[in-house]
Amino acid sequence: MKHHMFAVKTMPLVKAALLATAMLVPALPAGAQEVDLSILEPQAVRPMAIRRLSATTDQLRLEGEMAERTMAIYAPRDEVLKYRKLQVDYLTAVSAAPESSNLAVFVNGQVIGAIELKAGEQNTLRSFDLPPGLLVEGFNEIRFLAQHRHRVDCTIPATYELWTALNPANTGLVFDPGPGSQPQVLSDLDILRSIPTNENGATNIQLVQIGSTAIGNIDRALAVAQSIAVFGKYLNPDVRIQGRPGTGAGLDIILGTRSELSQAGYVIGSSRSDIPGLALVRTPVTGRIALIISADNRLALDQTIETLASRLAALPVTGSRAGVAAFANKFGRKVDTGRAITLSQLGVTSKRFDGRLLHQDFSLNLPNDFFVGDYGKATLGLNVDALGDLSKANKLQVFANGAALASADLTRTGISSRNPLNIPLGGFSPGYNEVRIEVSALTDGDAVCNVAEQVSGDRLYLSAENSAIEFDTFARMRVTPNVAVKNLLASAPSDTRPTLVQVPADDPASLETAVQLVVASAALNQEVRPVSLVLSSAPVGTRPGLIVAPVDRLSGAAKEAYLETINQGRRARSGGITGLLGLDAISEGDDSLWADVRRYAGSLWRGMGFRLSPGANPGQEFHLEQQDVLFAQRTTGLSPDERWVAFMGAPVKQDAWTVVTGLGSEDIKTGVSALLEKNRLSWLNGDTSLYKASTGQVVSERFSEPNYFATVANPSDWRNTRLVVAGVISHNMLSFVLFMAAFCVSLGFVYFIALKKSGR
Amino acid sequence: MLCAAVIVSMMAAGGVFPAMATEVIGQSARDNEAVSLWLKSAWREYAKRFVTADGAVIDDGNQGISHSESQGYGMVLAVAVDDRELFERIRDYTFETLQVRKDHLFAWKVEHTDKGPNVADTNNATDGDLLIAWGLVEAYKSWGENENLSSARLVLKDIAEKLVRDTGFGPVLLPGEIGFSSGNGKEFTLNPSYWVYPALEAVARFDTSANWEEIAVVGEEVLDLSQRAPSYLPPDWVDVSGIKLDPAEKFPLEFGYNAIRIPLYLALSTNAYREKKVADFAALKGFDAPGGPYVVHVVSGETQSVMGGKGFAAVAALTRCMDTSEPFPPELLRVGADPYYSSTLQIFTVLALAERYPQCLSQEG
């Protein structure tokens, strides 16, 4: 391998931003003091290192009577043999009955240990030996399976009180990093799949702004961060822009021309990379990685960045079979129409269930140009056998991105895949989607709830191999405006230029939020989008692009978009079939005959594969409170000619403003961080979504007229047109009904005249 | 002399990033007393030395000829300093003397003889035509005379019809009607500095005879592809065939007196992305320190000569300002000694600084 002149070493007079400061004097990770000390040699004083799981607090929360979490962790070649133990730090809900609650831990399909879950336990830190050879270089699967039982309550709502939360700070692989704490110069780009996560489970990525005050290098660092987020599927990035490298777990991206790096005190020696001008350095204890890219000038720097991006894209995914599958499914399996995907292919395992509410999560990835109309459906053929003597009141419910989409009654024998359930597509988004299945399994005995007897015997068996989901034909039509994560950084179809990301100049919190969203959406979309940061001393929002700023610093179209959400008079109230039937507002407690009729109509409609309104009350939801974040996108209007041209697939220039706002910049930052931590980015929908910090929920609405852009080679394809037209009609049902009534009256009148004239 | 008058009250804008673009070119400069004073003084000196009583703008470094480019520059600068009388004089001369073709484009070259002006070449120069149209549009924006806008539209319509060609990259600007495309009409010789970005942005708002914004975007792509190792400086001329782009064979393989204008035009752009490209020039040969820029052989990377003149050095200083906020050297504000071309670039550079990066105009001068 060719070695190039590039490495980092210290020099006497370095500036404050010296990279080596971070690498030679590493800060002890907060979690390091809490790791299991039993694995230390008696005389050893070295702190143990931990490689945490790439998951947030929310993702490590195991909820319900049976909860399963599967994740992939990358073991680099030089560390895989050092990993000796898997450490777990946990906290269990007080409601969980200790005698029948436990947590099993699997690595690459093999059980390595189990924990009896006891609420209020003093020592919540456990570690399990990893058998030699179990971990392999590359991705490995780690699976947690928690089973809980409620102490005193046998109802379905009580099952939501059961949880075990794993602490991301102290959960992961622990090992002795060895005596040397010197930074290691690495050659393998695969290491960028193992960026260690911080105590909160986030991946800290620090864009180091050196020397130059020009922001162009931050654009470049952001492009690199996006490539790495795509490469490692880092969903919850904690992106910072600082003048010096960070400490603790994470990644520093340091780039600039050779003279810029030199002036900032970064001394360049030789590197082991075969990409000229690129070096990878890791601090052993924290695992923090520094990616350093330099070139003679900015244009050469761009070429090096392009080379890096193409190399990363070409690297294969390696590891254990289960680990590779877990990584592949991380952002959902790509869906092809007309092809059934078994739940086992989606990472679901077959299981026997002895509780009262079985829930199972998986994720799907739909095409970018998937038309989110109400027409069209997916069919879920679920194979759930009822093993016990279940009552008649049991149901299956299907949720997508938090919204209930379909339900069915459970028969005495369970549910057979021969009777698939239709799921309307209206609740799905282009790109990443979270799907949850809930199956209740109540018995008549649960009504009595003899706690002493509790549940005895299995009640359900879910066969993942024999359960499958299948999507019929998709309409392929891009709809704008649309805040779905695929479209957050919208650019006009005819424009290949970078999206302008605009923030106030003196607002670092908004700037970091903006770059955090850019990197997170790159990871989720598995796509790098060129962006250009613009810091403005004036209020922002007059130019198209992504605008991140507090409400009092918005201007132009961005301000209009915000004002529209709080001005009820300007709202185009969504009609549709749910409005027509009055299904929007059936309150839980309404047991009148009319409410029953509407509920029945709703279930009929659902059975036909149409999504019902989530029941949002648009009167109040879009008022911002602390840490709420509003996402709204507006586009320039198209003339009728342009609409038709766009509908037929020809490029049309259309500018889009995506505004991300909140009461203050810290509110936006905290809200977006919480949104990412809860993995809610994919829940954004419509042209306006509000993340409510108080509930963790996302409320979506459409305020502006949608524009349709054909994206398939043949937009007039019959199936595509049929689905799109049906979708449009279902969104405008009242207009359609009135039109049809007027048409029928006109037809009747003409017929009547014709008959009269013919003398009949 | 005048540099002492340059004050930094405009620094109040804060930050190191461009402020919002103003509507009319020179608006920020006009609004700032000190910069306005410098500009007016520099313009008076410029007009005295290079603009004749008839309104011809003389290129004293080029046998004293006038050309569509110099007329266009003169018109834009006159609007920028709010000199309507001189603008009209230059405009009228331009239309009377250079608009001698069958279309609304302008002959590129006029010699001044004892018998009066003589059109030496009726071929057009697209950058000159574009600059004139820009000047007319800016005049319309500034003073609201509809005739200026309608005249600009006629020029732009002919540019769109005769000089815009489709290539593998998209629509490009042919440098002139004659002599820049092959017999089969598929190979073209282009000049990246003929993409006058602020002009394309300004005219796009008033004219739809071509997709000027798209042309500007394609210009960026042509520029990106032309910047290659070892120097990464764009050549003055390039050959384009399909999606293949190379330094032009029939011109010197140089970054020279044409391409030096590229960072200036990018800096005058109101597009943030284009402005950032200016900063990228700061690390290139001849731009990275006082003393440059140089004429550079783009294949070997060797320096051919130094571009002597404050205007050229001012462009290099502009790139450093936009990169690292390096103060603009006060000596580059002195006027009165340089020939036409250098002086023109010098004034445009100060205009760009006043509009986009006023913080680089330091008080020490």
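**Exercise 1. Find which residue of β5(B) is the bridge partner of B:Thr167, and describe how the two strands are joined.**

Solution. Start from the residue pair: B:Thr167 has B:Gly170 in β5(B) as its bridge partner. Keep in mind as you look that this is a predicted model. Next, step back to the strands themselves. β4 (residues 164-167) and β5 (residues 170-173) of chain B run antiparallel, paired over 4 bridges. Last, look at the connection: 2 residues make up the hairpin link from β4(B) to β5(B).

**Exercise 2. Work out the strand order and the edges of the sheet that contains β1(B), β2(B) and β3(B).**

Solution. Begin with the order. The sheet is open and has 3 strands, arranged β1-β2-β3 in chain B with antiparallel pairing. Now find the edges: β1 (66-67) and β3 (116-121) of chain B each pair on one side only. Then take one of the pairings in detail. Between β1(B) and β2 (residues 109-113) of chain B there are 2 bridges, in the antiparallel sense. For a landmark in the viewer, find B:His67, which sits opposite B:Lys109 of β2(B).

**Exercise 3. Do likewise for the sheet of β9(B), β10(B) and β11(B), going from the order down to single residues.**

Solution. This open sheet has 3 strands in the order β9-β10-β11 of chain B, and its pairing is antiparallel. Its edge strands are β9 (254-255) and β11 (303-306) of chain B, each paired on one side only.

Take the two pairings in turn:

- β9(B) is joined to β10 (residues 294-297) of chain B by 2 antiparallel bridges, and B:Phe255 has B:Val296 in β10(B) as its bridge partner.
- β10(B) and β11(B) pair over 3 bridges, also in the antiparallel sense, with B:Val295 standing opposite B:Ser305 of β11(B).

Finish at the turn. The hairpin of β10(B) and β11(B) has 5 residues between its strands, and there B:Gly301 adopts a positive phi near 85°.

**Exercise 4. Check the length of helix α11(B), decide whether it is enclosed or open, and see what follows it.**

Solution. First, the length. Helix α11 covers residues 310-324 of chain B, and its 15 residues at 1.5 Å each should span 21 Å; the end C-alpha atoms lie 20 Å apart, which agrees. Second, the surroundings: 14 of the 15 residues of α11(B) are buried, so the rest of the structure largely encloses this helix. Third, the residue after the helix is B:Ser325, with a positive phi near 60°.

Now try the approach on chain A. Helix α3 (residues 216-232) of chain A has 17 residues and reaches 25 Å from first C-alpha to last, close to the expected 24 Å. As for cover, 17 of the 17 residues of α3(A) are buried. Just after α3(A) comes A:Lys233, whose phi is positive at about 50°.

**Exercise 5. Locate the largest nonpolar core and say why it lies between two domains of chain A.**

Solution. The largest nonpolar core holds 226 residues, and those with the most contacts inside it are A:Val224, A:Ala225, A:Ile253, B:Ala133 and B:Leu318. Domain 1 (8-26 + 181-314) and domain 4 (479-574 + 613-716) of chain A both contribute residues, so this core lies between them. Zoom in on A:Ala225: leaving out residues up to four places away in sequence, it touches A:Ile205, A:Leu207, A:Val239, A:Ile253 and A:Val519. A second, separate core has 91 residues, including A:Ala55, A:Ala146, A:Leu346 and A:Ile423.

**Exercise 6. Decide whether B:Lys48 is buried or exposed, and place it relative to B:Asp114.**

Solution. First place the residue: B:Lys48 belongs to helix α2 (residues 33-50) of chain B. Then apply the cut-off, under which a residue is exposed if 12 or fewer other C-beta atoms lie within 10 Å of its own. B:Lys48 has 9 C-beta neighbours inside 10 Å, so it counts as exposed. Finally, B:Lys48 and B:Asp114 are 66 residues apart along the chain, and 20 Å separates their C-alpha atoms.

**Exercise 7. Judge how far the model of chain B can be read in detail.**

Solution. Start with the average: chain B has a mean pLDDT of 90, and 93% of the residues score at least 70. Then look for the exception. Over residues 1-22 of chain B, pLDDT stays under 50, although the model has 63 contacts beyond four places in sequence for them. Where pLDDT is low, predicted coordinates should not be read in detail. For the complex, the predictor gives an ipTM of 0.74 and a pTM of 0.81.

Terms used:
Residues numbered from 1 in each chain as written. Chains lettered and ligands numbered in written order. Predicted model: local features only at pLDDT ≥ 70, side-chain atom pairs only at ≥ 80, totals over all residues. Expected span 1.5 Å × (residues − 1). Buried ≥ 20, exposed ≤ 12 C-beta atoms within 10 Å, placed from the backbone. Core = buried A, V, L, I, M, F, W, Y, C linked by C-beta atoms within 7 Å. Domains from an automatic or database assignment. Contact = placed C-beta atoms within 7 Å. Pairing = 2+ DSSP bridges. pLDDT = per-residue confidence, 0-100.
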